[in-house]
Amino acid sequence: MYTQGLDQKDKSAPKREQLETPEQLEAFQARIDAEEKIEAKDWMPEAYRRTLIRQISQHAHSEIIGMQPEGNWLTRAPTLKRKAILLAKIQDEAGHGLYLYSAGETLGVSRDQMVAGLLSGKAKYSSIFNYPTLTWADIGAIGWLVDGAAIMNQIPLCRCSYGPYARAMVRICKEESFHQRQGFDILRVLCAGTAGQKAMAQDALNRWWWPSLMMFGPNDADSKHSAQSMAWKIKRFSNDELRQKFVDVTVPQAEFLGLQVPDDDLVFDQESGHYRFGEIDWQEFIEVIKGNGPCNRQRLGKRRKAHDDGEWVREAARAYGEKQAAKAAA
Amino acid sequence: MNKNDALLAYALRLGDNALILGQRMVELVAAYPELEEELANANFALDYIGQARMFYAYAGELEGKGRDEDDLALLRDENEYRNLLLIEQPNGHFGDSIAKLVLFEAFYLRQLEELVHCADKRIAEIAARAEKEIRYHLRHNTQWLIRLGDGTEESHARAQEAVDNLWRFTGEMFAADEVDNVFENEFDGPDLYRIREQWRETVAAVLEEATLAMPEDAWMASGGKAGRHSEHLGYMIAEMQYLQRAHPGASW
């Protein structure tokens, strides 16, 4: 998931790209078409490399920033079991970030560079994490809807043409699907609970439904780079295809929970076998991407503060390492 | 105090120490400077929450009033918690957290090593599992304290200040009260005097390698084991218990 910003225009045009010959590009495309995996040391077009770096680093950043909205309820989790499950989930996300950064590093960019991009605000992360978690039910909604949408996006990525990314995604998908079940379970219990608990669950669905649909990115007609990513088999399905699939799977789950999806236009179309749903507020999506979501500043501010507060610690570790190396050399 | 009361009190204390320290570590999630440390902290916190659950579940059984782990963890008042003052102290900076963990875990590991051989089977079983976890924590946290102490001038000063500030809370770990004494005598429990000697040796060696000075033993704060806490605990508990208190009787 977490790759909506993929569709931004790429401004850099390095010199290496100018040296690429049509024969090289053709041979590369032939490998892709034959479903071969591209590995780190293989030749690849510069634009392919850049696209992947952008996508993988955004994905990694999303995992790291995504720890914050869930971490917001960690100290207040209602039972020790729920606390432990949530903690394990957040730990998984840190782990996902770690191996996604590693996958990114195989493309010739360092983790420090990627993190610097996040901290400077230049690199994006999934817009969904700029929404606040206001009640405990939001933790359920994130697992059910946000991780659910992520899985829709990520399962095809297990077959992505770039080997290291595809392999990282296999493991991530397994864990995400566990997270999704946990999220659904939180809501299932709330919906079977007191009136106050059920109201909490409905309120969470009301707030998280539309932002979850936005996670799939702009409509296909407005998605500029999708075609190239599809040709390179980084992407296997279009934004709208995945969004439709998500709605089709999720609406019956909401019905099972006894919750109302907050969309007056939502209707099941017998003929196509799909749910038709209302228009997404793309202006809201654009504003959140631009930095005007409810929590953009807060999320990035917290990450920056953690980074800055840790500077003396990193310096200490470096200094200690140098001292030890000097001792060993003496 | 009879044997059974001491056993219950002892199990609760172990649970309270694990929970309160785990909760402090949970407060730090998503705020660590390095991803690897983020993972380590979450992992260690998870160990503590897991230990708390096991100790509380057993305490609930011993008490026999139908209270489960969550009743004990989330529905008692502040003065019913019996954790050490050391571990309820606020997190402060990274050096404060690391110093706190090293000082506590150098004690806790010894305590668990003894408990593995105690006469109560359940406590011994939980301790056997916890011991493996805490041995690894202590090794990790010790390596950090050494890096901070023997790193830069700034990190050295911060680490020394952290150790100095927390030192006054270390005495309580070894100040045996009735619960400790009855547990030691009736269940072949830890000898706190001996643990103190081992702890001093461990801590002295770590501080030396970290080029940090061992503080003089002066006045020592106490009260946690008797339910008299610092002001910090009340806020932590209010936050931790919020949902249970706001929705009495609800299932989660």
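Student: What volume does the second largest cavity have?
Tutor: In this predicted model, the second largest cavity has a volume of about 110 Å³.

Student: And how many cavities of 30 Å³ or more does the rule count?
Tutor: The count comes to six cavities of that size.

Student: Back to the second largest one, which residues line that cavity?
Tutor: The lining is made of B:Tyr10, B:Arg13, B:Leu14, B:Asn17, B:Arg82, B:Leu84, B:Phe107, B:Gln111, B:Met173, B:Asp180, B:Leu192 and B:Lys225.

Student: Which element gives the most to that cavity lining?
Tutor: That would be α1(B), with four residues. Both α1 and α5 of chain B supply at least two residues each.

Student: How does the lining of the second largest cavity divide by class?
Tutor: Six residues are nonpolar, two are polar and four are charged.

Student: OK, pockets now. What is the volume of the second largest pocket?
Tutor: The second largest pocket comes out at about 490 Å³. Its lining has 25 residues, and those nearest the centre are A:Arg111, A:Arg314, B:Pro33, B:Glu34 and B:Leu35.

Student: Which elements give two or more residues to that pocket lining?
Tutor: From chain A, they are α3 (46–71), α5 (111–120), α12 (296–309) and α13 (311–329), and from chain B, α2. The most comes from α5(A), which gives six residues.

Student: Class split for the pocket lining: how many nonpolar, polar and charged?
Tutor: There are 14 nonpolar residues, one polar and 10 charged.

Student: You named A:Arg111 there. Which residue of chain B does A:Arg111 meet in a salt bridge?
Tutor: The partner is B:Glu36, and the N to O distance between the two side chains is 2.8 Å. The rule finds four salt bridges across the interface of chain B and chain A.

Student: And how many residue pairs are in polar contact across that interface?
Tutor: There are 12 such pairs, with both residues at pLDDT 80 or more.

Student: Which element gives the largest share of the chain B side?
Tutor: α2(B) does, with 11 residues on the side that touches chain A. By class, that side of chain B has 25 nonpolar, 10 polar and 13 charged residues.

Student: Last topic, the interface as a whole. How many residues of each chain are in contact?
Tutor: On chain B, 48 residues are in contact with 46 residues of chain A.

Student: What area do the two chains bury between them?
Tutor: Chain B and chain A bury about 4100 Å², with 69% of that on carbon and sulfur atoms. The size of an interface is often given this way, as the accessible area lost when the parts come together.

Key: Residues numbered from 1 in each chain as written. Chains lettered and ligands numbered in written order. Predicted model: local features only at pLDDT ≥ 70, side-chain atom pairs only at ≥ 80, totals over all residues. Heavy atoms only, no water. Contact = heavy atoms within 4.5 Å. Buried area = accessible area lost by both parts, 1.4 Å probe. Polar contact = N/O pair within 3.5 Å; in protein donor to acceptor, adjacent residues only side chain to side chain. Nonpolar A, V, L, I, M, F, W, Y, C, P; charged D, E, K, R; others polar. 1 Å grid on protein atoms, 1.4 Å probe; cavity = no way out; pocket = protein on both sides within 12 Å on 5 of 7 lines; lining within 4 Å. Points joined across faces, edges and corners; volume = space filled by probe spheres on them.
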